[in-house]
Amino acid sequence: MSPCPTGTYSYKIKFGDSLWLIAQRSCTTIQAITALNPGIDANNLHIGQIICIPQGHRFYQNPEQPLPLERISRAEEMLNNHMRMLWEQHIYWTRMVILSMAFDLPDTEFVTSRLLRNPKDFEAALSPFYGESSAAKFAELFTSHLTIAAELVKAAKVNNNAAAADAEKRWYANADQIAAFLGSINPYWSAQEWQRMLYDHLAMTKNEAVDILTKNYSDSITVFENIEREALAMADMMTLGIVRQFPRYFI
């Protein structure tokens, strides 16, 4: 591929990427990206594929490239760090609960309690922007996301296929509700993109649990690394949407 033109930079496609998400991170549009990359298939991006991106304004989204002319504000940096921490806690405590449940560890009650604090922490982070009612609604939906996941692990552990299938069906329905809710409160959050990322998150988390239950520990770690990369992408997407919707807080 020829070098990217002046005013653009090269970007390597990573797991969980989509043109919409890349455009959001880079403060550009899908149309601008496709214009720079004739023949690109937006629905069939490949990990490792190199594309050209118009130079953006938020350096934390593209750490492999030289810093652009404009840095993000301290307030935006703090929000992004906090969102990344919450999403990291979400996936790490989820893994710990899966391990504790799989092996009947004596700390199961305690790690589960800590995991269920995560939706309340998200509620506290979102409340200043969306108010107590909307933030509480997200926490309610996110709590259901976690409790249904626990049902799924319990059913899979005892090979109760009917119960596992029922839990999985409700798990995806809950993901639809979360995606639709986020899309309804922020015009810069795409419900379709949230649904895609949440569906990926559910599929990978199920695979992680199955690998642990079947003692495929190496595979479970590989899956978890992909879960982590996507969780950070979701944190960045959440941050960018808030910053664009409430720019007065991030000057």
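In this predicted model, the charged end of R95 is placed over the ring of F224, at 5.4 Å from the centre of that ring.

Aromatic side chains also meet one another, and the count of aromatic pairs comes to 16. In one of these pairs, the ring centres of F122 and F142 lie 5.3 Å apart and the ring planes stand at 80 degrees, so the arrangement is edge-to-face, since planes over 60 degrees apart are classed in this way. Both F122 and F142 are buried. An edge-to-face pair is likewise formed by F129 and Y249, with 6.0 Å from centre to centre and 65 degrees between the planes. Because F129 belongs to helix α5 (residues 118-157) whereas Y249 lies in the segment after α8 (217-245), this pair ties together parts that are 120 residues apart in sequence. F129 is buried, its relative accessible area being 18%, while Y249, at 41% relative accessibility, counts as partly exposed. Through ring pairs, a cluster is built that links W87, F122, F129, Y130, F138, F142, W189, W194, F246, Y249 and F250.

Two packed helices are described by the angle between their axes and by the distance between those axes. For helix α6 (residues 161-185) and helix α7 (residues 191-213), the axes come within 8 Å and cross at roughly 150 degrees; α6 and α7 are therefore roughly antiparallel to each other, angles over 145 degrees being counted as such. The crossing of α6 and α7 is right-handed. Among the residues that meet at this contact are E168, W171, Y172 and A175 in α6, and A191, W194, Q195 and L198 in α7.

Definitions and conventions: Residues numbered from 1 in each chain as written. Predicted model: local features only at pLDDT ≥ 70, side-chain atom pairs only at ≥ 80, totals over all residues. Heavy atoms only, no water. Phe/Tyr/Trp six-rings, centres within 6.5 Å; stacked < 30°, edge-to-face > 60°. Buried < 20%, exposed > 50% of the residue type's maximum accessible area, 1.4 Å probe, protein only. Helix = DSSP H or I, 4+ residues; strand = E, 2+ residues; numbered from the N terminus. Lys NZ or Arg CZ within 6 Å of the ring centre and 35° of its normal. Axes fitted to C-alpha atoms, helices over the stretch in contact; angles between N-to-C directions. Parallel < 35°, antiparallel > 145°, perpendicular 65-115°, else oblique. Left-handed = near helix turned anticlockwise from the far one by under 90°. Contact = heavy atoms within 4.5 Å.
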